[in-house]
Amino acid sequence: MKPKVAFFDFTGCEGCQLDALNLEAEDLIDLLNGIDIVNFREVMTEKADNYDIAFVEGSITTEGEIERVKKIREQAKIVVALGACACIGGINCLKNHVPMEEALRIVYGKDAHYYNTIPARPADAVIKVDYYVRGCPPATSELVKVIKALLLNKKPDIPNYPVCVECKMAGNICVYEKGQTCLGPVIRAGCNAVCINSGRYCWGCRGLVDEPNIESQKDILTKYGLTAEQVIEKFKIYDTCSEVLK
Amino acid sequence: MNESSVLIIESDPIVRDSLCEWLKSTGFDVTCAESAEGIVKIVEKRDFNIAIMDVRLHGETQLAILREMKAIRPWIKSIIITAYPQEETVLEAKKIGIVDYVVKPIDLDDLQRIIHGTIESIYKDNINAINIESSVESSTEDLIPGIKKSFAISRDNLALMVENLLKETEVVGVKAKQGKYVYDKISGFYELSLDYDVTVSPPTRYLLPERETLLKFRTDNNHRIEPVIKYTPRVIMGVHPYDIKAIELLDEVFMTHNPDPNYIARRENTVIIGVDCLRPSPGSFAPSMGTNWTETGFDLLLTDIGNSYIIKIGTERGAEILAKYAKYRLPTGDEIVRQKKVRGEALSRYKLALDIPRDRIPKILEDSYDEPYWESRSISCLSCGSCVMVCPTCYCFDVRDEIALNLKDGERFRCWDGCMLVDFAKVASGENFRRDKASRFRHRMFRKGKYILERYGKLGCVGCGRCSSACLAGIASPLEAFNSLADNIRLKEAATRVVQPAKQEQDIYIPEMAEILSVRQLTEKEKVFELKLKSGKQLGHYPGQFVSLSIMGVGEAPLSISSSPLRGKNFELAVRSIGDVTSALHALKAGATVGIRGPFGNGFPLKAFEGRDLLLIAGGIGLFPLRSLIQYVTDRRYDYGKVNILYGCRAPAERVFTDELELWKNSKDIDYHETVDRPCEGWTGNVGVITNLIDKVEIDVKKTMVAIVGPPIMYKFVIEKLKKRDVPDAHIYLSLERRMKCGIGKCGHCQINSIYTCQEGPVFSLTQLRSLREAVL
Ligand SMILES: Cc1cc2nc3c(=O)[nH]c(=O)nc-3n(C[C@H](O)[C@H](O)[C@H](O)COP(=O)(O)OP(=O)(O)OC[C@H]3O[C@@H](n4cnc5c(N)ncnc54)[C@H](O)[C@@H]3O)c2cc1C
Ligand code: SF4
Ligand code: SF4
Ligand code: SF4
Ligand code: SF4
Ligand code: SF4
Ligand code: FES
């Protein structure tokens, strides 16, 4: 029996789901040979409440969404967070950082205080998440990799080393050498350092590695001329929420 | 094609032209002259391998010319043509040093034999002149006859060679990119940078690509597995000797022990054209690792000597390439001299070096396994793996499977991995055998300096310096690690020497005799004494350490060493006459003998200061100890960032070492400010307390290290001021004066809580002092 797969979206741009469809026809056929997609708002109209694997996209930003994602967890055997918003909170979390002292505390990871509205949070702040398809937007190849791993019943091999490794594999000149800054040393690889390859720097969309040396990274950013505020801004864009809420 | 150069001097046009045509047809670069006159001008302008000269009967002029030619370019081999071989002229020519003569009418076979013999002898000369280690050469010469020879090739001809190669094969070379250099495929000679310093990533990626399929498989009933060995034949152009040495290590690892078919296929289809590194990168320490030159490991090796290159053949394949694709010639003597010169200059351009011979590295590592160094140095390690990813000698990899969406077809591939990454030593159960940063950091250094050497007979580091420039935390350099650990061991040995009772029990209190070499009056109450140990030994101190000076019968007094250890065997003590010993000392003249014990104490933390901005603050005779550090820092100026010196005195007349103050004031390398509390007439400088000077300096809180020596009251206010500027406690060092007697941690006079100032001090960081309740500031 083919596993039934459903996609659900919460607060996000849905760019992640759209990306999932961006497969070669041949691969799509292979994919559909392996799984049954029973709920995919972007492509199907009928909905089924019977599914084995749930892909959750977007971050959780309302009480209603908390209830909904909990229901999904009850239903599904496996829950996969899809995209930066679902995996780490993502851009939505920007609203969480209001006054400076607050931001500081978030970056320093000691404590979390929230305002009266419910702060944006990643799926795993509410429910147990089994796998993550990281990135903003996540790469099709990685989504496929996770699906394949699920079908083969093995752990998807998503690296726990930082972007620098893939950046060096790509033979890039480190952006620090050009006087720019980059979060590559603490951000989980897996994207093949696309941003640096294309002349930019890593802004952290895939979240932190398991044991990031945040202190050292901050020192380095300061050494390269960023002020304390700018250092915090760097971290804020993507990857602080998960650290705080976990 | 061989294009060695020949100069023909022959007045008979028929003989001249036919000789010329014949030599040209065999590939020589020929220049003709009608008569001996004017030859000197030609030879002054350009060099030749061989000169062939017609010498007539009573050819006095021609002999003179021969002599002159010999004087300008002694290496040119001359052959004379003569109709009168028995005559005195020929005898005279032989004395001048011709290689041989041919009798007219010329027998071409004869001449050809002579020319070939001459060329052989030039080869031999060259081999001896060009080789760095001639012993290595002579043995390889026998192994591969006919190769290992050096030629010269013009830049144009080199370009031609590359263009020719490009027609038939892929050529990878060094290109400039965003102010750095990278290896990349080239499409023309013009893209190459042969005078680069270092590339961002090493050429070894063309032998061990970042990802490579090893097997393809299909998981149906009869599991099909096929090996995949893919390679592109290519020439790598412009590999520096240290990278060639790294490739030799990889060859050892992948070709001789459990041979790796993928590596071997790629290696055998890779031609390596090396180039001498004449403009080393600031982070390179290749000479310390013995990798700045190489005699092996390349097919061809170039040395850029200006207008042309010396090109050395390393393998038969190299010789074939040269013969097939290039026009080359024998190097002239002038070119050989130039090669020696450019290599010598290159050697002098290296900035970094090991403090110890490299064969001591394994032992030093072995003795340092449990050192706190690993822990403290790796605190800032990001585990980012950059150091191992850019290293030419790193070759660790991971092997993984990837399966297609049909879940049947798949491949097994390998990709780069490295011991600095968190999960490198993690096993399935979740246990990680190298859990903490320190153990990973240590492991890498042990690989570089010990493990690989023990297994493969070659050090695992070739000194390219790539890791240190790739490491954002600034900690990855093996050179720095090896030197620090060696230093550590040296200090420890020194310390054990002091406390070892058996050997030194009776010695610890006995001073060594020292002679006063000179005495200079500094101020009314202060003099500086230049001393030398009578044993002739160097005192062996660090800036900030002190000695105990005794005048037998009067007593002993602790005195800081005022001079830098880098300035020879003598040392200086600057002393204020204040009591018994010091006034007795003041009464002594050059030639007198005093007793010296020490050096004692810790001195300033030189390692912690390296690479930092320094702010050095002295009050009054606090300059006595601080001067030693200041001299040391100016002697190794390139090891430090900005250097600021602040000096405060009560009155202008109390300023010491005024000649040196003047030097610092005028130095472009140093920022020097001074002030006095109470000015006198004629004083045009600053007036006021020293804390005012601190306002004048820019302090980069992250980078600045501060050393302060002065009276206690000064410490109080200076520290307050520095704290206002957010300088962290750990960056502030003070030298404390305490009452001292033994200098060796026995007498207890100098104790502050649990600490002996003479042992753990007299220099302390403010962090340390804050934990000492007795050290009221
Ligand atoms: C680490 C250190 C480095 C020093 N460096 C210098 C220097 O470079 N130049 C210089 O002129 N002075 C220096 N001094 C101070 C110098 O040691 C004293 O001025 C000197 O000991 C006075 O000895 P005296 O016999 O002349 O005086 P006395 O008054 O006869 O002293 C008697 C004893 O008291 C002790 N003593 C007296 N004053 C001091 C003092 N200030 N510090 C320590 N012990 C003292 C001495 O051990 C001496 O044996 C230094 C002190 C220390 C602790
Ligand atoms: S550019 Fe960024 S990811 Fe690449 S090596 Fe530098 S810090 Fe690491
Ligand atoms: S380089 Fe950084 S920002 Fe870019 S995709 Fe990768 S993790 Fe995201
Ligand atoms: S350890 Fe560093 S210096 Fe040594 S070879 Fe590797 S990259 Fe070069
Ligand atoms: S163990 Fe570490 S240092 Fe050694 S080759 Fe592998 S990655 Fe390089
Ligand atoms: S030593 Fe430097 S380059 Fe190496 S892993 Fe640590 S931080 Fe990265
Ligand atoms: S002088 Fe330090 S213990 Fe005696």
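A residue counts as buried when its relative accessible area is under 20%. By that cut-off, six of the eight residues of strand β18 (residues 526-533) of chain B are buried, so the strand is largely enclosed by the rest of the structure. The model is predicted. The points below cover β18(B) and its partner strands, a buried glutamine, two ligand sites and the contact between chain B and chain A.

**Strand β18(B) and its partners**

- Strand β17 (residues 512-521) of chain B runs antiparallel to β18(B), and seven bridges join the two.
- The connection from β17(B) to β18(B) is a hairpin of four residues.
- Within this pairing, Lys532(B) of β18(B) stands opposite Glu515(B).
- β18(B) is also joined by six bridges to strand β21 (residues 571-576) of chain B, again in an antiparallel arrangement.
- Val528(B) has Ala574(B) in β21(B) as its bridge partner.

**Ligand 1**

- Ligand 1 is surrounded by 20 residues, and the closest are Pro558(B), Ala574(B), Arg576(B), Thr582(B) and Glu737(B).
- Ala574(B) therefore appears in two settings, as the bridge partner of Val528(B) and among the closest residues to ligand 1.- A polar backbone atom of Glu556(B) is 3.0 Å from an oxygen atom of ligand 1.
- An oxygen atom of ligand 1 also lies 3.2 Å from a backbone N or O atom of Asp580(B).
- For Gly579(B), the distance from a backbone N or O atom to an oxygen atom of ligand 1 is 3.5 Å.

**Gln631(B)**

- Gln631(B) is part of helix α22 (residues 623-635) of chain B.
- Its relative accessibility is 3%, so Gln631(B) counts as buried.
- The side chains of Gln631(B) and Glu660(B) make a polar contact at 3.2 Å.
- Leaving aside residues up to four places away in sequence, Gln631(B) touches Ser562(B), Ser563(B), Ser564(B), Arg567(B) and Glu660(B).

**Ligand 6**

- The residues around ligand 6 include Cys381(B), Cys384(B), Cys387(B) and Cys471(B).
- Also among them are Leu382(B), Met420(B), Ala473(B), Ile475(B) and Ala476(B), together with Ser383(B), Gly385(B) and Ser386(B).
- By class, this shell around ligand 6 has nine nonpolar and three polar residues, and no charged ones.

**Contact between chain B and chain A**

- About 3,100 Å² is buried between chain B and chain A, with 61% of it on carbon and sulfur atoms.
- Leu382(B), Leu405(B) and Leu472(B) supply 26% of the area that chain B buries against chain A, more than any other three residues.
- Chain B contributes 36 residues to the contact and chain A contributes 34 residues.
- Leu382(B) is one of the residues around ligand 6 and one of the three leucines named for the chain contact.

Conventions:
Residues numbered from 1 in each chain as written. Chains lettered and ligands numbered in written order. Predicted model: local features only at pLDDT ≥ 70, side-chain atom pairs only at ≥ 80, totals over all residues. Heavy atoms only, no water. Buried < 20%, exposed > 50% of the residue type's maximum accessible area, 1.4 Å probe, protein only. Pairing = 2+ DSSP bridges. Near = heavy atom within 4 Å. Nonpolar A, V, L, I, M, F, W, Y, C, P; charged D, E, K, R; others polar. Polar contact = N/O pair within 3.5 Å; in protein donor to acceptor, adjacent residues only side chain to side chain. Contact = heavy atoms within 4.5 Å. Buried area = accessible area lost by both parts, 1.4 Å probe.
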